[in-house]
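Visitor: Could you walk me through a few features of this structure? I would like to learn how to read each one.

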Amino acid sequence: MPTIARTRSTGERAESPAPGAQAQPPRRRQRSGAAYVFLSPWLIGAALLTIGPMLASLYLSFTDYDLFDTPRWVGLRNFERMFTQDDRYWNSVWVTVKFAVLSVPLKLAAALAVALLLNKQRRGTAFYRSAFYAPSLLGASVSVALVWRSLFGSNGVVDDFLGAFGIHIGSMVDQPRYALLTVIALAVWQFGAPMVIFLAGLKQVPGELYEAAALDGAGPVRRFFSVTLPMITPVLLFNLVLEIIQAFQSFTGAFVIGSGRGGPSDSALLYTLYLYQRGFNNFEMGYASAMAWVLLVVIAVITVLLFRSSRKWVFYAGEGTR
């Protein structure tokens with residue numbers, strides 16, 4: 001009997017939950033509740049300021065809406081008109097593609113070059129890092145765009161400098177062949193943010209790889225293409241995705257330098273600037289919303305293609321795969 005009693009007692013203890021186990025679920029619920037309380041400002045902001053306006057713009061993209069009258073459902077008419085009847089729309093697409101194709105590689109090349117120079121410890125390195133990063137802090141500043149317009153305008157610094165060598169171009173911002181180049185130059189000048197990211201990636205490259213390459217007789221150029229560049233490809237992918245998205249969303253520089261019209265003969269009419277004109281100059285909010293959703297889809301497709309292609313050219317040292 002005492003054995004049976006001990007067995008029952010052991011079985012009861014095994015079936016009965018531990019004291020700590022009974023207290024765990026309420027504690028977890030308390031932790032979850034506390035987490036939602038801390039997350040609630042972000043969740044409320046995302047719902048009211050991001051998800052709500054996105055759903056509203058999706059609905060408006062299928063309507064004819066001018067801000068003053070009730071939206072009128074028109075189905076796919078905005079998209080049909082955009083793709084088949086609007087020549088300025090396709091011009092803005094072409095200008096934006098040229099802007100992205102030229103500005104993104106030049107900006108990344110400048111950022112990587114300066115990051116390589118600042119990767120070595122020299123006197124005043126911290127100052128130069130801050131100085132090169134400063135333009136990125138003023139990225140979308142209207143004041144910087146105004147300064148840029150005065151630099152490349154008539155009798156500006158660039159015109160006077162080129163005039164000293166006998167080259168008289170005049171106001172570059174008022175000529176169709178140069179207006180977009182000034183916007184691209186402004187975008188490239190703001191290379192500070194990708195430079196900092198490249199610099200962080202360069203710090204992670206093991207020094208042993210450079211020592212082994214040097215023992216094999218590799219020079220600086222060979223070490224860059226065989227060691228540095230493969231090791232920072234994840235950082236390069238990150239910068240490439242960010243800069244392409246930013247290029248397709250660029251607005252302030254083209255708006256200020258092009259006087260809000262997209263430059264002479266629409267030569268600097270970026271996609272977002274034309275979207276703004278349709279929405280807030282012509283009060284065609286339905287058409288502008290349709291343009292915004294097309295831009296979102298295009299950016300999403302490009303991003304997916306970049307990530308899919310990254311399997312072939314991005315090197316992750318920890319996984320040993322390319």
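Guide: Gladly, and keep in mind that this is a predicted model. Let us begin with leucine 67, which counts as partly exposed because its relative accessibility is 40%, between the limits of 20% and 50%.

Visitor: Where is leucine 67 found?

Guide: Leucine 67 sits in the loop between strand S1 (63-64) and strand S2 (72-73). Its phi is near 80 degrees, a positive value in a residue other than glycine.

Visitor: What is the phi of phenylalanine 283, and where is that residue found?

Guide: Phenylalanine 283 has a positive phi of about 55 degrees, although it is not a glycine. The loop between helix H14 (271-281) and helix H15 (285-313) holds this residue, and at 33% relative accessibility phenylalanine 283 is partly exposed.

Visitor: Now the interior. How many residues does the largest nonpolar core have?

Guide: The general idea is that in soluble globular proteins, nonpolar side chains tend to be buried together. Here the largest nonpolar core has 63 residues, and Met82, Phe99 and Met195 are among those with the most contacts inside it. Helix H4 (residues 87-118) gives the largest share of this core, 11 residues.

Visitor: Which residues does methionine 195 touch?

Guide: Leaving aside residues up to four places away in sequence, methionine 195 touches Ala111, Val114, Ala115, Leu118, Arg129, Phe132 and Tyr133.

Visitor: And tryptophan 94: buried or exposed?

Guide: Tryptophan 94, in helix H4, is exposed, because its relative accessible area of 51% is over 50%. Trp94 joins Val97, Val101, Leu102, Leu106 and Leu181 in a nonpolar surface patch with about 550 Å² of accessible area together. H4 supplies the largest share of that patch, 5 residues.

Technical notes:
Residues are numbered from 1 along each chain as its sequence is written. This is a predicted model: local features need pLDDT of at least 70, side-chain atom pairs count only at pLDDT 80 or more; totals for chains, interfaces and linings use all residues. Side-chain values use heavy atoms; hydrogens and water are left out. A nonpolar core is a set of buried Ala, Val, Leu, Ile, Met, Phe, Trp, Tyr and Cys residues joined through side-chain atoms within 4.5 Å. Buried means under 20% relative accessible area, exposed over 50%, partly exposed in between (1.4 Å probe, protein chains only). Helices (H or I, at least four residues) and strands (E, at least two) are DSSP runs, numbered from the N terminus. Contact means heavy atoms within 4.5 Å. Patches are made of residues with over 30% relative accessible area and no salt bridge: like charges are joined within 9 Å, nonpolar side chains (Val, Leu, Ile, Met, Phe, Trp, Tyr) within 5 Å. Accessible areas come from the Shrake-Rupley method with a 1.4 Å probe; for residues, only the protein chains shown count as cover. A salt bridge is a side-chain nitrogen of Lys or Arg within 4 Å of a carboxyl oxygen of Asp or Glu.
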